[in-house]
Amino acid sequence: MPETTSTQEVVERAVSQVIESHRSQLQDQLVRRVLEALELEPASPGRGETTAGALLKAVAAIYTGSTQKEILRTLLDNTLHYSGRAALFIVKGNASTGWQGRGFSNNEEIKDFALDITNGIAGRAVQSRTVFTGSAAGMDANFKSRFHTPQDDRAVVLPLLLKDKVAALIYADGGVEPGGPLDAAALELLVVATGAWLEVNALRKQAHKDGQQPEAATAPPPPPVQAAAPSPSSFDPFASHAPQHAAAAVGSAAAFEQPAAVSVSEPPVAESFLEPPAAEAPPAEIPGSSELSPEDADLHRKAQRFARLLVDEIKLYNQSKVAEGREARDLYDRLREDIEKSRATFDKRYGTTVAASAGYFQNELIHNLAEGDPSVLGANFPL
């Protein structure tokens, strides 16, 4: 239908301007889900309205956040356009604790509430890592007793995936008053967009951090104990969250303390939660690897990872130029300034080290940016 085609074009154009993501398929996924919401969930007046414009404004608001706490709070604020009540629960292993709630008569009681995720609809959402919609009767008995079931007995549980793991659950329902909204498709779109933006922010911050903290070529290797101990925040997206009901068990062994600037009534959220794991495998191809010391091999691994982060960032902020350059086979001409700035950053850090001769940055440009075809970079690309 012409009207549907026109709507899709508007959505595609708007999403491409709003969303910065290192996942190339995210734009298509967002567009498809917006269109599904328009076709399957007709807009109703007022609070539950689900138009493409409203959804894109919500996504844009999420993408203005620069810290994890800002992003998650904006997500929860916008869930109230598509639900009567919503709450975010942090998942750690087989346990889940409340972070914040919206629309509940007792929002404060959501904080640190221990939610059972071993069964019921919450357990199914965690196990399947997909959105689960069903009867609110399938929720934790303590949750139902404390917060009551929604008027229409419908609820949706949405997993927030970070690095392919369930880091949190978003619970939503229509509220205890009759006629409350519950739009699962719109909520899923917001959660997917939030997860993507959290990962993009982490990638960008890590690249910036690596670029600003050069290693001296003569610096001694770190002690073995420190090198072997990965940062807890590498694996735990809410590492600084210390639930009150678990405080006694954590005691003085807590790995992270609450920042002084964060209110006690608002559990803190870790900021450096998606740093690449410290215990990565060494690069697949290291010149003379059999003759390298462990310290030099580790330096090669870090150089390769840093080169990959720099090229990923070039792709992230120049998606249209990358697509056009691959098509016209002149990527280097279109991205010359960004490429050379990133090359200088890489050389500043690793140009005088044993990893300099391996050509990691050049290899990433060819294999990552140009997808393995040097000719795509153009005739002016310095080989």
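A polar contact is a pair of N or O atoms within 3.5 Å; within protein, one must be able to donate a hydrogen and the other to accept it. Keep that in mind for the first close-up. The model shown in these views is predicted.

**Figure 1. Asp153 reaches the backbone of Ala137.**
The side chain of Asp153 comes to 3.5 Å from the backbone nitrogen of Ala137. Asp153 sits in the loop between α6 and β5. Its contacts beyond four places in sequence are Gly134, Ser135, Ala136 and Ala137. Look at Ser135 in particular. Ser135 and Asp153 are 18 residues apart along the chain, yet their C-alpha atoms are separated by 5.5 Å. Is Asp153 buried or exposed? Neither label fits: Asp153 has 32% relative accessibility, so it counts as partly exposed.

**Figure 2. Two residues with positive phi share the loop between α6 and β5.**
His148 lies in the loop between α6 and β5. Its phi is positive, about 70°, although His148 is not a glycine. Asp153 lies in this loop too. Phi of Asp153 is near 65°, again a positive value in a residue other than glycine.

**Figure 3. The whole chain sets the scene for the other views.**
The chain has 383 residues, and 44% of them count as buried. It holds 13 helices and six strands. Take the contacts between residues at least 6 apart in sequence: 67% of them join residues at least 24 apart. The accessible surface comes to about 18800 Å². Carbon and sulfur atoms account for 51% of that surface.

**Figure 4. The largest nonpolar core has 34 residues.**
In soluble globular proteins, nonpolar side chains tend to be buried together. Which residues have the most contacts inside the largest core? They are Tyr63, Leu88, Leu160, Ile170, Leu187 and Leu190. Helices α3 (52–62), α4 (68–79) and α7 are among the elements that each supply at least two residues of this core. Strands β1 (85–92), β5 (154–162) and β6 (165–173) each do so as well. The largest share, 10 residues, comes from α7. A second, separate core has 25 residues. Leu299, Tyr360, Ala370 and Phe381 are included in that second core.

**Figure 5. Leu88 has contacts from several stretches of the chain.**
Set aside the neighbours of Leu88 within four places in sequence. Leu88 is then in contact with Leu72 and Leu76, among others. Its contacts also include Thr97, Gly98, Trp99 and Gln100. Ala168, Leu169 and Ile170 complete the list. Leu88 is also one of the residues with the most contacts inside the largest core.

**Figure 6. Thr194 is buried in helix α7.**
Helix α7 covers residues 184–212, and Thr194 is found in it. Thr194 has a relative accessible area of 0%, so it counts as buried. Where does its side chain reach? It reaches the backbone oxygen of Leu190, at 2.8 Å. Beyond its neighbours within four places in sequence, Thr194 touches Ile62, Ile71, Leu72, Leu75 and Leu160.

**Figure 7. Phe143 and Tyr171 form an edge-to-face pair.**
The structure holds 13 aromatic pairs. In this one, the ring centres of Phe143 and Tyr171 are 4.9 Å apart. Why is the pair edge-to-face? The ring planes stand at 70°, and an angle over 60 degrees counts as edge-to-face. Phe143 lies in helix α6 (residues 141–147) and Tyr171 in strand β6, so the pair ties together parts that are 28 residues apart in sequence. Both residues are buried. Ring pairs also link Phe143 and Tyr171 into a cluster with Phe89, Phe104, Phe113 and Phe147.

**Figure 8. Arg349 lies over the face of Phe306.**
Here a charged side chain meets a ring. Arg349 is placed at 5.2 Å from the ring centre of Phe306.

**Figure 9. Lys315 is partly exposed in helix α10.**
Helix α10 covers residues 294–317, and Lys315 is found in it. Lys315 has a relative accessible area of 25%, so it counts as partly exposed. Which residues does Lys315 touch, not counting those up to four places away in sequence? They are Val322, Arg326, Asn368 and Leu369. Now find Asp338. Lys315 and Asp338 are 23 residues apart along the chain, and their C-alpha atoms are separated by 9.9 Å.

Terms used: Residues numbered from 1 in each chain as written. Predicted model: local features only at pLDDT ≥ 70, side-chain atom pairs only at ≥ 80, totals over all residues. Heavy atoms only, no water. Helix = DSSP H or I, 4+ residues; strand = E, 2+ residues; numbered from the N terminus. Buried < 20%, exposed > 50% of the residue type's maximum accessible area, 1.4 Å probe, protein only. Contact = heavy atoms within 4.5 Å. Areas by Shrake-Rupley, 256 points an atom, 1.4 Å probe, with all protein chains shown as cover. Core = buried A, V, L, I, M, F, W, Y, C linked by side-chain atoms within 4.5 Å. Phe/Tyr/Trp six-rings, centres within 6.5 Å; stacked < 30°, edge-to-face > 60°. Lys NZ or Arg CZ within 6 Å of the ring centre and 35° of its normal.
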